[in-house]
Amino acid sequence: MQEAYQIVRLANGTHSIHAVAERETFHPVIGPVAEAEALYVKQLNLRERLAASAGEFVIWDVGLGSAANVLTAVRATRDLAPRLRIISFDRTLGPLQFALEHADELGFIAGYERQLKELLEQGRSHFENVTWEMRLGDFPARVRAAREEPPPHAIFFDAFSPAKNPAMWSAPLFADLFRQLDPARPCAMPTYSRSTMLRVTLLLAGFYVGVGHATGEKEETTMAANDLALLAEPLRRDWLTRARRSRSAEPMWEPVYRQAPLSAETWERLENCHQFQAEKG
């Protein structure tokens with residue numbers, strides 16, 4: 001019987017995990033740690049924001065996977081005093097269990113084996129200034145039901161691709177997620193995709209949206225936030241021309257992957273998004 005996950009060696013010599021059923025490799029180009037540092041730690045200015053935090057700093061880790069994103073963030077901020085609360089969401093603990101069994105090959109787990117075992121067995125681990133909690137199950141259903149969670153200061157959004165996991169990239173999911181944010185608590189959310197469809201979806205959900213840092217072979221990623229000041233390079237009105245011409249810009253209103261140009265109704269809503277209205281003002 002074929003295992004659900006495999007260790008793969010990347011071109012730069014680092015190792016990562018390949019999900020066999022989905023035929024997707026986690027952090028496939030530059031590896032788990034380098035991608036997490038570029039996409040989340042540096043892009044979020046995580047050290048600076050955490051150091052300036054007056055109280056508990058909350059991170060929602062959407063797509064726990066092998067825990068590379070969280071562990072990279074913990075290592076990058078462990079000398080700072082403020083309390084860090086991490087809430088990880090995933091539909092399965094399979095990748096985490098597999099990563100723990102192959103800790104030597106992956107490398108990034110070293111020193112945190114106990115914490116990962118606690119997360120697997122108890123759904124929670126507390127160490128140093130960190131409280132780490134696990135929420136297992138259907139993330140879209142959880143945010144749709146508006147279950148009680150502390151609103152985040154930052155979101156690591158690392159779901160499988162839209163073609164393999166469309167429910168995690170649908171317009172209703174991001175609208176529900178935006179409603180979970182506290183307007184008085186600035187929150188930023190990077191993700192690896194740079195697609196026009198995703199950016200339109202985020203804008204219509206209520207987020208401000210900008211160009212994110214390059215990572216691996218991607219010249220751009222995407223940053224979303226509920227506070228425009230958190231974006232280094234917000235999309236400008238001239239981006240709307242690209243969106244209107246795209247053959248794959250219409251959000252997925254249902255959790256079914258497909259590609260389509262903007263409808264007339266969506267175009268009207270997009271053109272009147274507050275991000276572009278603020279630019280006109």
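**Exercise 1.** Which elements do the buried residues of helix 1 pack against?

*Solution.* The model is predicted. Step 1: list the buried residues of helix 1, which spans residues 32-42. They are Pro-32, Glu-35, Ala-36, Ala-38, Leu-39, Tyr-40 and Val-41; buried here means under 20% relative accessible area. Step 2: recall the geometry of a helix. An α-helix has 3.6 residues a turn, so residues three or four places apart point the same way. Step 3: look for the partners. The buried residues of helix 1 pack against strand 2 (15-19), strand 8 (154-157), strand 9 (188-191) and strand 11 (221-225), and also against helix 2 (46-51) and helix 3 (68-77). Step 4: add the direction. Helix 1 lies across strands 8, 9 and 11 and runs at about 155° to strand 9.

**Exercise 2.** Find the order of the open sheet of 8 strands, and explain what is special about strand 6 and strand 10.

*Solution.* Step 1: the order is 6-7-5-4-8-9-11-10, with mixed pairing. Step 2: strand 6 (124-127) and strand 10 (208-212) each have a single partner strand and stand at the edges, so one side of each has no neighbour in the sheet. Step 3: from one strand to the next, the twist averages 15°. Step 4: inspect one edge. Strand 6 pairs with strand 7 (residues 130-136) in the antiparallel sense over 4 bridges, and Ser-125 stands opposite Trp-132 in strand 7. Step 5: find a helix on this sheet. Helix 3 lies across strand 4 (57-62), strand 5 (84-90), strand 6, strand 7 and strand 8, at about 170° to strand 5.

**Exercise 3.** Is strand 4 enclosed or open to the outside?

*Solution.* Step 1: count. Of the 6 residues of strand 4, 6 are buried, so this strand is largely enclosed by the rest of the structure. Step 2: recall that in a regular strand the side chains alternate between the two faces of the sheet. Step 3: sort the residues by face. Phe-57, Ile-59 and Asp-61 are buried on one side, and Val-58, Trp-60 and Val-62 on the other. Step 4: check the pairing. Strand 4 and strand 5 are parallel and share 6 bridges; Ile-59 has Ile-86 of strand 5 as its bridge partner.

**Exercise 4.** Describe the open sheet of 3 strands and the helix that packs on it.

*Solution.* Step 1: the order is 1-2-3 and the pairing is antiparallel. Step 2: strand 1 (5-9) and strand 3 (24-25) are the edges, each with a single partner strand, so one side of each is left without a neighbour in the sheet. Step 3: strand 1 and strand 2 are joined by 5 bridges, and Tyr-5 stands opposite Ala-19 in strand 2. Step 4: helix 4 (residues 94-101) packs on the sheet and touches strands 1 and 2, its direction making about 55° with that of strand 1.

**Exercise 5.** Which residues have the most contacts inside the largest nonpolar core?

*Solution.* Step 1: this core has 89 residues, and those with the most contacts inside it are Trp-132, Phe-157, Phe-174 and Leu-270. Step 2: helix 9 (residues 196-205) gives the most to the core, with 7 residues. Step 3: take Phe-174. Beyond its neighbours within four places in sequence, its contacts include Phe-157, Met-189, Leu-198 and Phe-207.

**Exercise 6.** Which residues are closest to the centre of the largest pocket?

*Solution.* Step 1: the largest pocket holds about 760 Å³ of space. Step 2: 39 residues line it, and the closest to its centre are Asp-158, Ala-159, Phe-160, Ser-161 and Tyr-192. Step 3: strand 3, helix 3, strand 5 and helix 7 (139-144) each supply at least two lining residues.

Definitions and conventions: Residues numbered from 1 in each chain as written. Predicted model: local features only at pLDDT ≥ 70, side-chain atom pairs only at ≥ 80, totals over all residues. Heavy atoms only, no water. Buried < 20%, exposed > 50% of the residue type's maximum accessible area, 1.4 Å probe, protein only. Contact = heavy atoms within 4.5 Å. Pairing = 2+ DSSP bridges. Axes fitted to C-alpha atoms, helices over the stretch in contact; angles between N-to-C directions. Core = buried A, V, L, I, M, F, W, Y, C linked by side-chain atoms within 4.5 Å. 1 Å grid on protein atoms, 1.4 Å probe; cavity = no way out; pocket = protein on both sides within 12 Å on 5 of 7 lines; lining within 4 Å. Points joined across faces, edges and corners; volume = space filled by probe spheres on them.
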